[in-house]
Each structure stands twice: as structure tokens, then as C-alpha cells.
Amino acid sequence: MTQLLRTQLEADLESLVETVPPHIRGLLLERDDVNELLEVVLDLGREPEARFLSESLVISSREISESDIESVIQKVSSFGEDNRAGIERTLHRISAIRNRSGKVVGLTLRVGRAVYGTIRIIEDLVLSGKSVLLLGKPGVGKTTMLREIARVLADDAQKRVIIVDTSNEIAGDGDIPHPGIGRSRRMQVRLPDLQHAVMIEAVENHMPEVIVIDEIGTEADADAARTIAERGVQLVATAHGNSLDNLIMNPTLSDLVGGVEAVTLGDIEARRRGSQKTVRERRAPPTFDILVEIQGWNEVVVHEDVSDVVDRMLRGNPISPQLRTVDELGRLQRSHAEAKIPTLFNGGRDRGDRRDTPRRAWGVPMLEEQEDVVPLKSVNILPYGINKGKLMQAVRSINAPVELVADLGKADMLLTTKNYYRRSTQALQLAEQRGKPVYVLRKNTLAQIQQFVQALMRKQSQDAQMKLEHTDALDEAERAASRLGEGETQVKLSPQAAYVRHLQHKVANERGVSSSSEGREPNRHVVMYRR
């Protein structure tokens, strides 16, 4: 890191620390790990909380007062319709919580950093000229990677890049954008609902070669993205959802990968496929050529030909995405995941399979019945706009281990309808911010609800069976977590294949410990350690 860059990063962090109340500021600056600060939470009548990479802690015993919150508000820009503000020429984000009368009673001061070199893992894809869509759970680094993509395309590739910056998270607050975007130009969005209009305006008025967008979240945004792609402009964007599966099942955003529609096959074609006559097919060419699922800073899953992958998923054919990792020495490693048949999209069959399959509603998988090989884990579902009586009837009809809950914190997933999802209510936004899967039904009918419950149980059964096949490796991870709880600081596990390591990382996360992969294949292994 150059001295100039280091100075810039330190100045950016200092500008955020300067906005917090004085009795907190000194305590933050005293910490050796202040450079690892993620965010500061200030809630009226509560002790202030500081969140670092390694821990979250109460930074002061003094409760936050109205004057403390007001002092912060005076030092930042005005809050927009999305209740977000910033600090001019920085990437920091200040988000407000208001009471029923509109008064600010809580603040989240999130540190924004321009991290250079984050796109090496997908740089060749970005420079290919093809449109790239990034998916990943909140906090995984989508926006940071998007910012670096804009800089590389503008400075290194010498392209005309326009950033449509709805919440000023990519290029920072104020009229002068943060230097982290290089020579890219930034267009701010007055209201979040107008993002799609600014996207079209960027193409019509400024002749870009590349448009960069953070969070395509509405049907209007998806339509605008398709319009831009059809004009020959490269798109690089992020969208709600953790994986390609989520996107295909999302009726609002599925158009980004071509959309899904019901198609009636002729008798000959249906026999050739070994499927029913009415199947689900991709409706149109995808807006994005490449889709990247971000697992972490140094690990991504790449679908290099979205149209082919979506077709295979809808027909129930095996897919094998590319896995990319960056090892400890900074070397890029490429491999392909073991080919797996998608379980959520059984619209078709391989030629040799002539079994009849039941019909299914749009966006909701209908899966064949099978005996549970192992006991299934209970699933907590929060119904949002879904008839609870119908949902309970569907659960009882197959004796599914499903519980209905009213608290988002206790829910494993949220189930809603297309009409509710389009409204993008605060409850839905909160669920996505917390990384809760949101499943969307086209209609609130018993048939679609039953199909969803059956699909969910099939997926649960297959996951449970997969875990059973790797019992020894998972048991080793469980024992390691227990040893950490008893006082050990670090435990090295046996070398495993990539998918088994993925399962071991999930065990670590569930047990509240940290983990990372080390070494080179075939000796690559998981190391678990206390947070």
C-alpha cells in the first residue's frame, strides 16, 4: 500500500470518528484495532456499541442522550428518503432510526473503505466486455468490489464509465466523488424510486461504455437494465439474493437471467425429454452474461454462461459452476464444483427418465415424493401476506417439520407473495439485510403453498442426506468447536474436498467460531479458531 493511499484511508476513518460524541471518540482512538472498526451504533437511552472485525462491545457505560444524537446529525449531510446520510468526500454511511413522529432516536455509523485489489479474482470477467451480475449476502463486500470494478474499467481499461449511485455508497457523499472510483463519473439519484429513470438517462445523455449499478431491486430497475443491455452497453451490477437459485425463483428479478414462462411441448419433444408437456423455459436472453456468487473476499462461484446454466437448471440437468479462490500467497486458483442436479427446478428430465412429474406453479418447485432418509430439522417460517390457515393445512397434509413464527429473529426464512414483494416494505428490506431467505409465491393459493412446502421438505431431506454422507468430517468440525469452547485457541482439521470444507465452515458459523481454509490441494484443510 502506498503512503498516499494509507494517508487517505486514515483520513477517511478520522473523519468518521470525529462525528461521534466526544466521550466515545477518545475511547475509540485508544484502541489498537481502531483501523478494523466496522460501525458504531448509537441508540437513545442505551450504551453505545462499537463493532470491529473481531468483536462487538459496549464502548462506554454512559447512555446516549438526545444531544449526542443531535451533535452527530449536525456533522453529517441531510438524510434522504432512505434515511441515509454521509460525510462529504468519504464512503461512510450514517443510517437513522426514527420514532413514529419522525424524530431520529438511533444512528448507525458504518465505516466505508475503498479496498484496492479486491477484483483480481474476477478481473478477467470484468475486462471481457460482458455484463456481470454480483450476488451475495449483506456485508460480503459487493459494493466494495463494485467500486473497484468501476475504477479498473475507467483507469486501466480506459472506458467511459457511469456509476448510478442511489445511496451514495459507491462514490461517497457530496458533489465531489471519492477518489476510489478513479476517472468514473457518478450520477446521484434524488429518490430511490427513480433509480431506473436515472439508469436510462445515463445511457441517453452521456454515451457510456459501462454502467455500474448497486442493488437492482425492483421490476422497473430490471426493465431498465434490459433496455441498457439491448443498446450494447456493458452492465456491472449487484442484486438482491445469495445465489442464482434465489434469482430464478424471484418473480421481480428473474428477468435479469432471462425470466421464466410456461411452455407447452409437442408430444414428440415431451417424449424426447421424458417430461410432462407443460414445462418451464427461459423466456428471453439474459440481461447479464455472467453471474458471480460472492462467498467471501477470496472465494467466488462463477456461472460463465448464464443462459446455458439457467436452461440446465430449469430442465433438471447437472450444472458445475467454476470455483475461484485466492490462496495465502495471492495466487488465483480455479476449479469446477462437482456436477450436481438442481433440486429446485425439475421442469424436465434426462432422456432415460420417463417418470411422470406433477405440475407446478410459477416460481415454486414441485418435487417428487421420496422417503426421508434421515430426520429433518424443523424450519421456522414467517408468513408475510400468506394465509396462515392454508399454510398450516399444507404443513399438516405431509406432516412437515415446520413451525410458523411471528418474530423475524426466530425465523429461518420469510414466505410472501409477489404483490407484497413488489412493495419492498420495511419488513422485507429488514429480512434481506439480515440475510434471511425470502421466498415469493405468485398467488396466495393452497396449491402453490402446498407445492412450496413439498419442495422445501425435499431440499431439507437432500441436505440432511448429504450431511450424513460426510458424518466423519462434520463430527471432526463439531469436536473442534467444542475444543475451542474449552479453551483452545486454534484447531486444524483434516484435509477435505472443497464441498466438505464448505460444510465444515457452516458448522463453524453455527457454533459461533471463526474458520478459514489453508494449504494447497490435495492437502487444503479448514482451521477453526475462537472469534
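Helix α12 spans residues 418–423 and contains Lys418. This is a predicted model, and in it Lys418 is buried. Yet Lys418 has no salt bridge. Its nearest side chain of opposite charge is Glu219, 5.3 Å away. A salt bridge here would need a Lys or Arg side-chain nitrogen within 4 Å of a carboxyl oxygen. Leaving out residues up to four places away in sequence, Lys418 touches Pro251, Val440, Leu441 and Arg442.

Now turn to the nonpolar interior. The largest nonpolar core has 36 residues. Within this core, Leu133, Ile211 and Leu256 touch the most other members. Several elements each supply at least two of its residues, including the strands β7 (132–135), β8 (161–165), β10 (210–216) and β11 (234–239). The helices α6 (195–206), α7 (219–230), α8 (244–249) and α10 (306–314) do so too. The largest share, five residues, comes from α10.

Take Leu256 as a way in. Beyond its neighbours within four places in sequence, Leu256 is in contact with Leu133, Ile216, Ala222, Ala225 and Ala239. Pro286, Thr287 and Phe288 are also in contact with Leu256. Apart from this core lies another, of 29 residues. Val140, Leu153, Ala154 and Val292 are among its members.

How far does the confidence reach? The mean pLDDT of the protein chain is 84, and 90% of its residues reach 70 or more. Among the elements, β8 has the highest mean pLDDT, 96. Helix α1 (residues 3–17) has the lowest, 62. Over residues 1–8, pLDDT stays under 50, and the model has five contacts there beyond four places in sequence. Residues 346–374 also stay under 50, with 86 such contacts. Where pLDDT is low, the predicted coordinates should not be read in detail.

How values were computed:
Residues are numbered from 1 along each chain as its sequence is written. This is a predicted model: local features need pLDDT of at least 70, side-chain atom pairs count only at pLDDT 80 or more; totals for chains, interfaces and linings use all residues. Side-chain values use heavy atoms; hydrogens and water are left out. A nonpolar core is a set of buried Ala, Val, Leu, Ile, Met, Phe, Trp, Tyr and Cys residues joined through side-chain atoms within 4.5 Å. Buried means under 20% relative accessible area, exposed over 50%, partly exposed in between (1.4 Å probe, protein chains only). Helices (H or I, at least four residues) and strands (E, at least two) are DSSP runs, numbered from the N terminus. Contact means heavy atoms within 4.5 Å. pLDDT is the predictor's confidence in each residue, from 0 to 100. Lys and Arg count as positive and Asp and Glu as negative; His and the chain ends are not counted.
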